[in-house]
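Trainee: Please give me a close look at one part of this model, the salt bridges, and then at what can be said about their surroundings. I would like the reasoning behind each burial label as well.

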Amino acid sequence: RDDICIPVPEGRESALLGEEERTIDLLEFARLIEQPVAVDEAHAIAYFGPPSWVWRSPFDGGVAPDFELPDFEGRTHRLSDYRGSKVFLLCWASWCSCRLCLPIWKELRDELHPRGFEVIAVACESKGPEAALPWIEAAQPSYPTLLDTEHLVPELFNTRNVPAAFWIDEEGRIVRANDPIYAERRNFQTGESVRNEVYLNALRDW
């Protein structure tokens, strides 16, 4: 991926490598390098789209747009309240398997919070708080979990899917955006779940 070497996680070799010698499963490869791919088997053509981590901000100076949302106890939070910290802003929803990653984001937040790191999880729920609340109660997050029934944050940040993650620095600038990232990945062949340590370590390095 440009100048970055992407290691093959342990246990994913069989999914990545084809049965024939020197062949690669393109869909699994696309998941590994975090790029969208479209495959036309009839014409033997594959197109890889821009990687998720390449993003150009449409906002002046790359500053994240401010917003105000309630948490699940009715307290109001503004994104600008967290200036001075590195913020991992995550859009998620109860219908997406990204809901299962909430406890892992809690662990990472607790580990890095003393170094000025904060997670803000925004539940994009048209159905209201009842849909998301069971997953929040199960995760017991130490970070702010906000409710966005009108999809304000997706509109402001120009994203339409979940999960979508944004890295925002201490001055409120977006440094990486719209990552469709999971903290844990499932091997669909074995059924095993493996933590996305490559991404988690990237956040630690940041």
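Mentor: The answer below starts with the salt bridges, follows their residues into the surroundings, and ends with the backbone.

The model is predicted, and every value that follows is computed from it. With a side-chain nitrogen of Lys or Arg required to lie within 4 Å of a carboxyl oxygen of Asp or Glu, the count comes to 16 salt bridges. Three pairs and one network are taken up here.

The pair to begin with is Arg12 and Glu28, whose side chains meet at 2.6 Å, N to O. This salt bridge links distant parts of the chain, as its partners are 16 residues apart. Arg12 belongs to the segment before helix H1 (13–16), and Glu28 sits in helix H2 (residues 26–33). Arg12 has a relative accessible area of 10%, so the residue falls under the 20% limit and is called buried. Glu28 is buried too, because its relative accessibility is 12%.

Arg195 and Glu107 form another salt bridge, at 2.9 Å from N to O. Arg195 comes from strand S11 (residues 193–195) and Glu107 from helix H3 (residues 102–112), so this contact ties together parts that are 88 residues apart in sequence. Here the labels change: Arg195 is partly exposed, with a relative accessible area of 34%, and Glu107 is partly exposed at 44%. Both values lie between 20% and 50%, which is why neither residue is called buried or exposed.

The remaining pair is Asp169 with Arg173, where the N to O distance is 3.0 Å. Its two ends carry unlike labels. Asp169 is buried because its relative accessible area is 8%, whereas Arg173 reaches 34% and is therefore partly exposed. Beyond these pairs, salt bridges that share partners join Lys106, Arg109, Asp110 and Glu118 into one network.

Asp169 leads on to the interior. A search of the whole structure finds 1 cavity of 30 Å³ or more, holding about 90 Å³ of space. Asp169 is among its lining residues, together with Ala64, Asp66, Leu79, Ser80, Tyr82, Arg83, Ser85, Val87, Ile168, Glu170 and Gly172. The buried acid of the Asp169–Arg173 salt bridge is thus also part of the cavity wall. By class, the lining divides into 5 nonpolar, 3 polar and 4 charged residues. Asp66, Arg83, Asp169 and Glu170 are the charged members, while Gly172 is counted with the polar ones.

Helix H2, which carries Glu28, also leads to the surface. Leu26 is found in this helix. Together with Leu27 and Val39, Leu26 makes a nonpolar surface patch of about 230 Å². Leu26 is partly exposed, with a relative accessible area of 32%; because that value is over 30%, Leu26 passes the accessibility cut-off for a patch. Helix H2 therefore holds both the buried Glu28 and the partly exposed Leu26.

Leu26 also serves as a reference point for separation. Leu152 lies in helix H5 and is partly exposed at 31% relative accessibility. The C-alpha atoms of Leu26 and Leu152 are separated by 35 Å, with their positions 126 residues apart along the chain. A further reference pair is Thr190 and Gln35, which are 155 residues apart along the chain and have C-alpha atoms separated by 23 Å. Thr190 is in the loop between strand S10 (184–186) and S11, the strand that contributes Arg195 to its salt bridge. Thr190 is partly exposed, at 45%.

Last, the backbone. Most residues other than glycine have a negative phi, and most peptide bonds are trans. Against that background, three places are worth inspecting. The peptide bond from Val162 to Pro163 is cis, with omega near -5°; Pro163 is in the loop between helix H5 (152–156) and strand S8 (164–168). At the other side of H5, His151 has a positive phi, near 60°, in the loop that runs from strand S7 (145–148) to that helix. His151 counts as partly exposed at 30% relative accessibility. Ala44 also has a positive phi, near 55°, and lies in the loop between strand S1 (37–40) and strand S2 (45–48). Ala44 is labelled exposed because its relative accessibility of 73% is over 50%.

How values were computed. Residues are numbered from 1 along each chain as its sequence is written. This is a predicted model: local features need pLDDT of at least 70, side-chain atom pairs count only at pLDDT 80 or more; totals for chains, interfaces and linings use all residues. Side-chain values use heavy atoms; hydrogens and water are left out. Helices (H or I, at least four residues) and strands (E, at least two) are DSSP runs, numbered from the N terminus. Buried means under 20% relative accessible area, exposed over 50%, partly exposed in between (1.4 Å probe, protein chains only). On a 1 Å grid over the protein atoms alone, a cavity is a set of points where a 1.4 Å probe fits but cannot get out, and a pocket is an open set with protein on both sides within 12 Å along at least five of seven lines; lining residues have an atom within 4 Å of a point. Grid points are joined across faces, edges and corners, and a volume is the space filled by probe spheres set on the points. Patches are made of residues with over 30% relative accessible area and no salt bridge: like charges are joined within 9 Å, nonpolar side chains (Val, Leu, Ile, Met, Phe, Trp, Tyr) within 5 Å. Accessible areas come from the Shrake-Rupley method with a 1.4 Å probe; for residues, only the protein chains shown count as cover.
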